[in-house]
Amino acid sequence: MTDQPTTDRPVRVMVVDDHPMWRDAVSRDLAEAGLDVVATAGDGEEAVRRARACTPQVVVLDLNLPGLPGAEVCRQVVAHDPAVRVLVLSASGEHQDVLEAVKSGATGYLVKSAGREELLDAVRRTAVGDAVFTPGLAGLVLGEFRRLAAEPAPASAPAAPQLTARETEVLRLVAKGLSYRQIADRLVLSHRTVQNHVQNTLGKLQLHNRVELVRYAIEQGLDDGI
């Protein structure tokens with residue numbers, strides 16, 4: 001059984017950038033690679049309206065936008081439909097920008113120096129739930145989650161839902177920053193089976209995406225010991 005996810009339809013992508021030439025180039029690269037570019041937008045308000053209208057699976061989003069800033073666009077789009085995944089594609093690699101984007105609900109973050117194939121791979125991985133970051137930034141995000149997890153928990157925090165042994169095992173590897181493919185290889189499972197375990201865990205924990213799941217796992221101390 002192959003661990004490559006299969007789908008009958010191409011990934012639906014929306015591209016948001018205020019520079020027309022860059023926006024057109026990214027859209028063209030995605031379309032030529034077989035992805036379905038369902039919309040584009042050049043400012044924040046337009047991006048929110050079009051994302052709600054066309055329901056993309058992945059929004060490739062610049063942070064520096066006229067009108068609403070990119071982080072606020074991300075927050076509103078994800079709040080309206082938690083199933084939408086946001087991949088930030090920004091000229092900035094500043095730590096503050098990365099952390100703000102992730103806290104706003106972004107699933108991944110690439111800087112614009114990324115190559116075409118790196119972008120295509122990132123969009124496809126984002127579509128299936130992987131958290132994708134430019135090398136060096138993933139460690140920053142995990143470090144921030146660990147810092148937040150060290151803060152005192154609310155006194156009235158509810159009891160954690162019961163996960164199966166396999167779900168907990170997958171969650172531990174998610175917390176270590178492994179991709180779904182790496183988890184599948186480690187546990188000798190198919191890529192689809194790993195996705196299913198993650199989706200079941202998200203449902204039980206009432207979380208929306210892999211980034212929230214990583215934070216939860218670290219808060220529970222599941223990033224230790226593997």
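Helices α7 and α9 sit roughly perpendicular to each other (the label for angles of 65 to 115 degrees; under 35 degrees counts as roughly parallel, over 145 as roughly antiparallel, and the rest as oblique). Their packing angle comes out at about 95°, and their axes are 10 Å apart. Here the axes are lines fitted to C-alpha atoms, for helices over the stretch in contact, with angles running from 0 to 180 degrees between N-to-C directions. Helices themselves are DSSP runs of H or I with at least four residues, numbered from the N terminus. The model is a predicted one, so local features need pLDDT of at least 70 and side-chain atom pairs count only at pLDDT 80 or more, while totals for chains, interfaces and linings use all residues. Residues are numbered from 1 along each chain as its sequence is written, and side-chain values use heavy atoms, with hydrogens and water left out.

On the α7 side, R166, E167, V170, L171 and V174 make the contact (heavy atoms within 4.5 Å). Their partners in α9 are V194, H197, V198, N200, T201 and K204. Sorted by type, the residues of this contact are five nonpolar, three polar and three charged. In that sorting, Ala, Val, Leu, Ile, Met, Phe, Trp, Tyr, Cys and Pro are nonpolar, Asp, Glu, Lys and Arg are charged, and the others, Gly among them, are polar.

E167 and K204 also pair up through a salt bridge, at 2.9 Å from N to O. With E167 in α7 (residues 165-175) and K204 in α9 (residues 191-205), the bridge ties together parts that are 37 residues apart in sequence. E167 is buried at 5% relative accessible area (buried is under 20%, exposed over 50%, partly exposed in between, using a 1.4 Å probe and protein chains only). K204, at 34%, is partly exposed.

The model holds 10 salt bridges in total, each counted when a side-chain nitrogen of Lys or Arg falls within 4 Å of a carboxyl oxygen of Asp or Glu. One of them joins D29 and R116, with the closest N and O atoms 3.5 Å apart. This pair links distant parts of the chain, since D29 belongs to helix α1 (residues 20-32) and R116 to helix α5 (residues 116-127), 87 residues apart. R116 is partly exposed, with 34% relative accessibility.

Another bridge runs between R125 and D130, whose closest N and O atoms are 3.3 Å apart. Here R125 is partly exposed at 27%, whereas D130 is buried at 3%. Elsewhere, D17, D62 and K112 are joined into one network by salt bridges that share partners.

Notes: Helix = DSSP H or I, 4+ residues; strand = E, 2+ residues; numbered from the N terminus.
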